[in-house]
Structure formats: C-alpha cells, structure tokens
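Reader: Could you walk me through how to read cores, interfaces and odd backbone angles in a model like this one?

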Amino acid sequence: MPLSPAELDVIGLTAALAAVTTVILLVLGTPLAWWLATRRTNMSALVEALVALPLVLPPTVLGFYLLLALAPDSPVGMLWQQLTGTRLAFSFSALVIGSVIYSLPFVVQPLQSAFQSLPAGTRQAAATLGASPWDQFRSVVLPISRRSFITAASLGFAHTVGEFGVILMIGGNIPGETQVLSIALYDRVETLQFAEAHRMAAGLVVFSLALLFFIYRQSGASAWRVRT
Amino acid sequence: MSLDLDLHCTGQQGFQLQLQSSIADQGVTALYGPSGSGKSTLLDCIAGLREPGDGSQISFRGQQWLGHGQAVPVWRRRIGYVFQDARLFPHLTVAGNLDYASQRARGRPALERDRLQALLGIDELLPQKPDTLSAGQQQRVAIGRALCSAPQLLLLDEPLANLDPMASAECLTLLQEIANQVDLPMIYVSHDIEELGQLADDLLLLQKGKLVDSGPMMEMSSRLDTQLAHEEQAAAIVSGHIKAQDTHFGLTEIEVEEQVLYVNLLPQAPGSSRRLRIPARDVSICRERPAQSSILNILPVTIAEITTSGGAQLMLRLALGKQFLLARITRKSAERLQLAPGDRVFAQIKSVALLSEAGDAV
C-alpha cells in the first residue's frame, strides 16, 4: 500500500526536524563536550547536570517551560517576532529549539566520553611535533573519536524522531508545519484510524531498530554511554 | 648559546623543584637522579608541557621561552620529545606518524627521511599500525617521528624504561649513532647510570628537586665526592680506541692511555673510539704485578684519592694517565697493603666486567 501525500508530508517534516536538530547539536555539542571533558570545576559539574536533565525530567516539564519561554509575549518570543516578523510559538523553529534541548545529552555524552577516553598523552605528542591546539583537535582528536561522532549523530537523530511530549506541548499539531510522526500517530489513534496508526508505529519500530543495530554494529555496546 | 633555566615549580605533596642551570647547546646532557627527584618535571617544564611557578625563566639560544609573564606554547618551541610510552598516533600508520611530523616541520630535518628510516630499521614497518608493533619497534618509530619534525632540541624521557633488555640495548645503540651523526642537542632523562655512561656527554645530578652536581660525564663518574660514588653500581668510564682484533681468542684490544685492555670481540673497525664502563666493585688492587693470574687486564695506576664509603669498604680513585678508574675494596685490605695517595699500584680488572658492560649486543 503506497504512502498517502499526508503521510509523506509527516515523514518529510520529521526527517527535516531530526536532520536540522542533529546538525545544530553537533555544532553546539562538540565544543560543549570538549569543555566538559577537559575541565573539572563546580561550574562544569553544574553544566553537566543541566545537560543530563532532559534524561530524567518528564518531557512535559520541559515542554511547559519552553511554551512559556517561547510565547509571543515572552522576551524570546518578542525578540523573534522583531527579528523575523513571524511567530515563534507553534512553529517549526520552536520544534527545533525544543528538540535541540531535549536531545542534547544524547549527543554531548558520547562525545564527552570519547574525549575523556582519549589517551592523555596523544595531544601532548602532537603539540611537541608542532601542531597548534586547533590542529591537534582536527588531526588527532577528531579522527580518533570518529566513531563516537557517528554514534552521537545517530542517537541525536533517532531520539529527535522519537520525541513526543515536548513537541506536543510546544508544537501543537499543525499538519505540514509541526505535525511530526509521533504526533501524527497520536492523532490517528485519537480519531480511530487504526490502519494508518499501525503503519506509522511499525515504521518507527523498524527505523529505530535498524538505526540502533547500525550503531551497535559499528562501535559495539560501548557506544551507548548515555548516563543519567 | 645554550639552554638557560631558572625554575621554581611546586608539585604534588609539597614537592619543590628549584633549579638554576645552563645546559650545553650540543651533545647529550643527562638528567640523573632517583625517582621523585624531579627529572621528568624538569623535562616537561623545558618542553612547555608543564608550567612552572611565577618568576621562572627559560631561554634557548637567546630566545625567551618563558619569563616576564609570557610563555611560548609547546608547539612553537621546535622541540622533539620522545616519551617513555612512545605515544604514536593510533589512527595513523607508521608512515603516517612520520608524515605527521614532517608536514609540521619548520626547517630541514638533520637526517633525510630515507637515511633515518634505514638507520632505525623501520622500512618494513611503514604500512603497519602502531598497535601491531612491539614496544621496541614503537619506540624506534617514536624516535624517528621526533627527528622528522626537525627539532632544535631533542628531549628524551626514559625512552628505554619500558623495553626488554634486548630491545633496550638495540635502541641505545641507535641513540648513540644518532647522537654521533646528528648535530642536535639532546636532554636525556634516566635513572639508569649504565645507560647514561654510554650516551651522555654532560651529567646533571638531581635530588629532591635540586641540582646537586653537574659536569662532564667522564669526570663526574670518576669523582669520589658525588652521589654516584656511593651507589652500589658506581663505575668509572674511560674512553679508548680499538687497537686490534684478536680473532683467535675472540677478543678486541682497546688502547686506553697507552695501556691495552682486552674486551669481548667488538664489531667496530680498529681506530674507532669506545667508551668502557668499569664498575668499581670489579677492580682490585695489587702492590706488584701478579706474575701468574687468569685476569688479563692488569694496569699500572697511581692512587689519587681514598675515601671511605661507609662501613667495611673503601673507594679508591686511580689515575691512569689522564683518566681515572674507581676501585671498591675492603678497609682491611687497604690497611694490610698500607695504601696511600701517590702510591703506584696495579689495578686488576675482571674481564667480564668490561665485556658485559661495554654495551654491545655481540
């Protein structure tokens, strides 16, 4: 049975959200993970705790505060309105912001573990050979922790695809704008369209299983280093 | 032109490094001392891997590396560093590791790549990853990598400590050859005085973070007033050159101060110079030349100095021309022979001492 245009829309939107979120997470998460891996202060412990918070909080808590923060009459909402001329709440951009925060630990923690397990003297050796700090990172740290980057990106992507609570709170359920797979599934169940709901649920199971299989096969069980 | 140091460094558990020194801009300078004496800390400060306390200064060839609130970072100091644990890059092959250094070299390396690879015997290892190499092979690659970066100063932190005796002897011979062929000042940290005896030109003795003595290696090893003379393995180092090869008996004749010493057959050609390490415990004293003795090496010497090294033993410093031997004998023998400075006596050296400690894996 071919997918309906509505279903394709939903899948396309979900993939776009996960892809954008993953890219932003890699860009933000890499320096953050580096900082957490190389500094040991009270400040870094606090930041580490904040990063891990989405793992333990009910998504609705996060969603509730995000809803308040992104509302049109909030400072962030008003600033967004002035800069872009559009409303932030219940927009795709709001979903991206929510997803970045929600999936942050899934990207930061594998990277942090990888940076921490890097042999201590390897960067020193590179430095004595004339490599600047950026050169050391590019030529030694990145290639050695390549697998952890793949793991981090995969986990960030998969987790964003699978999120529900935060999106429900801040995204509403606007087809083509904020209706992602998990929400669409909920919507179909609510309206008793069980055949469609089955296909979406089974599709998510197959996709998630395939991705996790890929992660475990390429780097073993150690890839899953998410700690709560 | 030299490496000038003025360091004040506080480490863990109240450890203090306080040191002012000037290290020669050529040859091999050894940092020697018991563990915890601050040798490696000192080396890391020179490299810039560790920042010493306020008021410290380091300058190399007139260029200020540290001082006046400024520090040149490690990667701009143009040093080479051979770590105890090789620290090859695990994601690169042997060739990749060497390339990594070559690509970042500022200046021409002292040895061409081809010659360096041949000298270190790593030609066949080039396509391999570091984790497939033995510890000895890894260390040879690490030495090669450090040289590829065209350093102006080579620092070595106990490079042989993790190697088995065979690999260690091989590596030591290689380092000797490199030191002979390359005009590059080296600072070599070790707690093994035998190793240093073969390699070092100058010696800095460290104890509890302080410089207790320094001077040329040969001179330091034959002095009675340094820490070295009190150690069990105290030994004098003499230099000579190969005079002849006696293939019939499997011996090499080495001329030292117009006297001949016999050692195990050495591979080098006549004329090449050798250092010999003669442990004090293997030297005994006779008033007259023994007419019939199984000991081959009996040299006429003059007693230069006598010191008690505590208890039943005495240490003698024996002049052999311009060089010196050390002998550790019992106080009782010294009294029986009525030994006094200025006496002309004969030193008997057990051949085996020379054989096993000349450093050749024959």
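Author: We'll go from the core to the interface, then to one helix and a few single residues. First the ground rules: this is a predicted model, where local features need pLDDT of at least 70, side-chain atom pairs count only at pLDDT 80 or more, and totals for chains, interfaces and linings use all residues. Residues are numbered from 1 along each chain as its sequence is written, chains are lettered from A and ligands numbered from 1 in the order in which they are written, and side-chain values use heavy atoms, with hydrogens and water left out.

Reader: Fine. Which residues touch the most other members of the largest nonpolar core?

Author: The general idea is that nonpolar side chains tend to be buried together in soluble globular proteins. A nonpolar core here is a set of buried Ala, Val, Leu, Ile, Met, Phe, Trp, Tyr and Cys residues joined through side-chain atoms within 4.5 Å. Buried means under 20% relative accessible area, exposed over 50%, and partly exposed in between, with a 1.4 Å probe and protein chains only. In this model the largest core has 85 residues, and B:Leu3 and B:Leu203 touch the most other members. Apart from it lies another core, of 29 residues, including A:Leu95 and A:Phe149.

Reader: And what is B:Leu3 in contact with?

Author: Contact means heavy atoms within 4.5 Å. Leaving aside neighbours within four places in sequence, the partners of B:Leu3 include B:Ile23, B:Ile46, B:Phe60, B:Trp65 and B:Leu153.

Reader: Now the interface. How much area is buried between chain B and chain A?

Author: Interface size is often given as the accessible area lost when the parts come together. The version used here takes a 1.4 Å probe and sums the loss over both parts. For chain B and chain A that comes to about 1,500 Å², with carbon and sulfur atoms giving 67%. B:Trp75, B:His91 and B:Arg104 lose the most area in chain B, together 38% of what that side buries. By contacts, 16 residues of chain B meet 19 residues of chain A.

Reader: Which residues form the salt bridge?

Author: The rule asks for a side-chain nitrogen of Lys or Arg within 4 Å of a carboxyl oxygen of Asp or Glu. It finds one across this interface: A:Asp135 with B:Arg104, where the closest N and O atoms are 2.6 Å apart. On the chain B side, α2(B) gives the largest share, three residues.

Reader: Why is α2(B) called largely enclosed?

Author: Helices are DSSP runs (H or I, at least four residues) and strands are too (E, at least two), numbered from the N terminus. Eight of the eleven residues of α2(B) are buried, so the rest of the structure largely encloses this helix. Among them are B:Val94, B:Leu98, B:Tyr100 and B:Arg104. The buried residues pack against α6 (120–128) and α7 (133–144) of chain A, together with α3 (113–120) and α4 of chain B.

Reader: Which residues have a positive phi without being glycine?

Author: Two to look at are B:Arg61, with phi of about 50°, and B:Arg78, with phi near 55°. B:Arg61 is in the loop between β4 (57–60) and β5 (63–67) of chain B, and counts as partly exposed because its relative accessibility is 31%. B:Arg78 is in the loop between β6 (70–71) and β7 of chain B, and at 25% counts as partly exposed.

Technical notes. Buried area = accessible area lost by both parts, 1.4 Å probe.
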